[in-house]
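Morning, everyone. I'd like to walk you through one sheet today. Please have a look at the screen.

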Amino acid sequence: MTATSEPLDVASSACCTPAPESSECCSLSQGVLSAQDAQRVAGVLKALADPMRLRLLSHMAAQGCDSVCSCNFTDELGISQPTVSHHMKKLVDAGLITREQRGKWAHYSVVPRAFAEVRTLLDLR
């Protein structure tokens with residue numbers, strides 16, 4: 001493999017183009033978080049930071065965020081019932097979804113308010 005003799009033109013590269021000057025400073029729309037709020041939000045973000053949990057949530061959202069039976073996840077996502085239960089418990093504990101027992105099956109629903117809080121927190125202005 002030979003090295004090219006042409007210099008890299010960084011100025012024309014889109015990733016290196018400086019952002020236009022802004023008269024506004026970028027800040028969190030809700031201001032500085034308290035230690036307690038930061039701890040709570042970190043728990044929510046940690047729950048969301050798992051690929052399987054994101055897949056489970058996207059499956060729920062694809063159903064229109066209606067109540068979804070845990071029995072629907074195993075075949076659809078190709079995972080075992082204990083894996084579903086483990087990940088859904090993490091999402092319930094984070095306050096992102098609710099769980100309702102109906103007979104032998106658990107049914108889960110999205111908590112829209114929880115996602116609105118995350119959206120608000122991450123809204124940089």
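**The sheet, strand by strand**

Start with one pair: C69 has H107, in β3, as its bridge partner. Keep in mind that this is a predicted model.

Now the strands around that pair. β1 covers residues 68–69, and β3 covers residues 105–110. Two bridges join them, and they run antiparallel.

What stands opposite H107 of β3 on the β2 side? That is E100. So much for the single residues; on to the second pairing. β2 spans residues 97–102. Six bridges join β2 to β3, again antiparallel.

How many residues lie between β2 and β3? Two, and the two strands form a hairpin. Look at G103 in the turn: its phi is positive, about 65 degrees.

Put the strands together. We get an open sheet of three strands, in the order β1-β3-β2, with antiparallel pairing. β1 and β2 are the edge strands, and each pairs on one side only.

Last piece: the helix. α4, residues 81–93, packs on this sheet. Which strands does α4 touch? β2 and β3. The direction of α4 makes about 130 degrees with that of β2.

To recap: H107 in β3 is the bridge partner of C69, and E100 stands opposite H107. Thanks, that's my part.

Terms used:
Residues are numbered from 1 along each chain as its sequence is written. This is a predicted model: local features need pLDDT of at least 70, side-chain atom pairs count only at pLDDT 80 or more; totals for chains, interfaces and linings use all residues. Side-chain values use heavy atoms; hydrogens and water are left out. Two strands pair if DSSP finds at least two bridges between them. Helices (H or I, at least four residues) and strands (E, at least two) are DSSP runs, numbered from the N terminus. Contact means heavy atoms within 4.5 Å. Axes are lines fitted to C-alpha atoms, for helices over the stretch in contact, and angles run from 0 to 180 degrees between N-to-C directions.
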